[in-house]
Amino acid sequence: MDIRLTVNGRPHTLDVDPRMSLLDLLRERLGLIGSKKGCDHGQCGACTVLVEGRRANSCLALAVAMDGLSVTTVEGLADGEHLHPLQAAFIEHDAFQCGYCTPGQLCSAAGMLGEPGPSAVTENLLDDPELTPHEIRERMSGNLCRCGAYVNIVSAISEVAR
Amino acid sequence: MRPFDYARAASAADAVRRYRPGTMYLGGGTNLVDLMRLGVARPEHLLDVSRLPLDAVEEVRGRLRVGAAVRNTDLAVHPLVRARYPMLARAVLTGASGQIRNMATVAGNLLQRTRCAYFQDVSRPCNKRRPGSGCPAIEGDHSNLAVLGHSGACVATHPSDMAVALAALEAEVHVTGPGGDRIIPMPGLHRLPGDAPERDTVLEPGDLVTAVELPPPPPGASLYRKVRERASFAFALVSIAAVLDVAADGTVAGCRIALGGLAHAPWRAERAERELIGRPATGGAFLAAAESELEQARPLPRNAYKVPMARDLIVNTLEELAP
């Protein structure tokens, strides 16, 4: 089936099998191998991208269902040679070890910073709370890091959230 | 994944018109796409209803009408939901992850399938997946499965948090289908397994959930609480949606308790609710009511822990709600 998809600002028209995930399309058809296939079940977050600016697990999205939408991958976060503030903060805070989860962490954090409102750990649901480390940990729980670099991931995101 | 054809419905009526055997409706896909990849769901025709104009949260005569395609995130952060139905906002926010809540729809949340490991493993028998093939969970790993309302055919639990809050709020599920439109009051959407565990709900083939409508919130204070194996992004071992209204004389004027993680459907603790009305809102009464409700439990060897866990959760939650 033919679909139109804008990826990191560039429009594409692609003929895809209905079974293909957005993740496989990005990696295998467009050569954007930043987004990672960790679990392929939506449990690890390594495949996280932004769809219409909102973070999503690209492994759980069928490419055909994304027709007409706009996707941002980790390759699209930087502005030319200028790193996204989250990318710079991840380097500054040494927020990774093996790096496999990092593209998903970056896209998830970028989406998360734009999500208003409370989380499950917010005391008062009417608040738009400050992003404390506790809040960040809850909001980033869809991204696993097997190296356990969470402490530095949280401090990197905290710096950008300020 | 087995081949299928894909089409996008133009309207709810169009979706129902195009439904034929082998069709499945696609919402956010967070459960269905995974089940298709596992070989558990094998649609021949996938009809995408995620972009239907059923994506509004609107007030209608003091009630809140939530479109079936509203994303979980948008439901949880909606100002009227946060202000009037905090229990619902909390339940949705404790479910899944930020990414999944952004994708998942309200109808999809209701219609998600059990996470029983045998159901999701096509190499094993499962009465829910392949009727008549048996239930290995009863002799095997049922540590996170049902203690209430299960049958010899199936001990699966319904995994939704949102549905538990909707059961306590007595929300209405609006459905359209080949047989016309109808309204199903919660918790009536989901059924107990009996001898037909392949049926999670009372929906008929081709039925499409179009909206969930919330009546005005009941008087009293409310809470949603969830016990799980890790602090975030995990299904409930036990959860509770509770509303408690205490009269000036300290007796219970109104009470609603719905439990998650314990049964094939959100479990409305009607026996406990009945016993509490008119009783003093004290820990002793809460314990007696919880124990009375849980007398119905038939735990299996590896999930017996859920019974005292549910008892303590009911008592602690009601104590926190009592003035």
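1. Start with chain B of this predicted model. Three of its strands form an open sheet, in the order β1-β3-β2. The pairing is parallel. The edge strands are β1 (5-8) and β2 (23-26) of chain B, and each of these pairs on one side only. On average, neighbouring strands in this sheet are turned by 25° against each other, direction ignored.

2. What holds paired strands together, in general terms? Strands of a sheet pair through backbone hydrogen bonds, and the pairing is either parallel or antiparallel.

3. Now take one pair from the sheet. β2(B) runs parallel to strand β3 (residues 45-48) of chain B, and 4 bridges link the two. For a place to look, find Met24(B). Opposite Met24(B) stands Leu46(B), in β3(B).

4. Side chains also connect strands here. Asp48(B) and Arg8(B) meet in a salt bridge, at 4.0 Å from N to O. Which parts does this pair tie together? Asp48(B) lies in strand β3 of chain B and Arg8(B) in strand β1 of chain B, so the salt bridge joins parts that are 40 residues apart in sequence. A caution on the distance: the rule asks for a nitrogen within 4 Å of a carboxyl oxygen, and this pair is listed at 4.0 Å. Over all chains, the count comes to 26 salt bridges.

5. Next, the interface. How many residues does each chain bring to the contact? Chain A gives 41 residues and chain B gives 37 residues. Together the two chains bury about 3100 Å². Of that area, 53% is on carbon and sulfur atoms. Three residues deserve a look: Arg19(A), Leu60(A) and Leu125(A). They supply 21% of the area that chain A buries against chain B, more than any other three residues.

6. Charged pairs cross the interface too. Between chain A and chain B there are 3 salt bridges. One salt bridge joins the side chains of Asp40(A) and Arg37(B), at 3.4 Å from N to O. Polar contacts add to the picture: the rule finds 22 residue pairs across the interface, with both residues at pLDDT 80 or more.

7. Last, the side of chain A that touches chain B. Which element gives the most to this side? Strand β4 (residues 54-57) of chain A does, with 4 residues. What kinds of residue make up this side of chain A? The residues divide into 17 nonpolar, 14 polar and 10 charged.

How values were computed. Residues are numbered from 1 along each chain as its sequence is written. Chains are lettered from A and ligands numbered from 1 in the order in which they are written. This is a predicted model: local features need pLDDT of at least 70, side-chain atom pairs count only at pLDDT 80 or more; totals for chains, interfaces and linings use all residues. Side-chain values use heavy atoms; hydrogens and water are left out. Contact means heavy atoms within 4.5 Å. Buried area is the accessible area (1.4 Å probe) that two parts lose on being put together, summed over both. A polar contact is a pair of N or O atoms within 3.5 Å; within protein, one must be able to donate a hydrogen and the other to accept it, and residues adjacent in sequence count only if both atoms are side-chain atoms. Ala, Val, Leu, Ile, Met, Phe, Trp, Tyr, Cys and Pro count as nonpolar, Asp, Glu, Lys and Arg as charged, and the others, Gly among them, as polar. Two strands pair if DSSP finds at least two bridges between them. Axes are lines fitted to C-alpha atoms, for helices over the stretch in contact, and angles run from 0 to 180 degrees between N-to-C directions.
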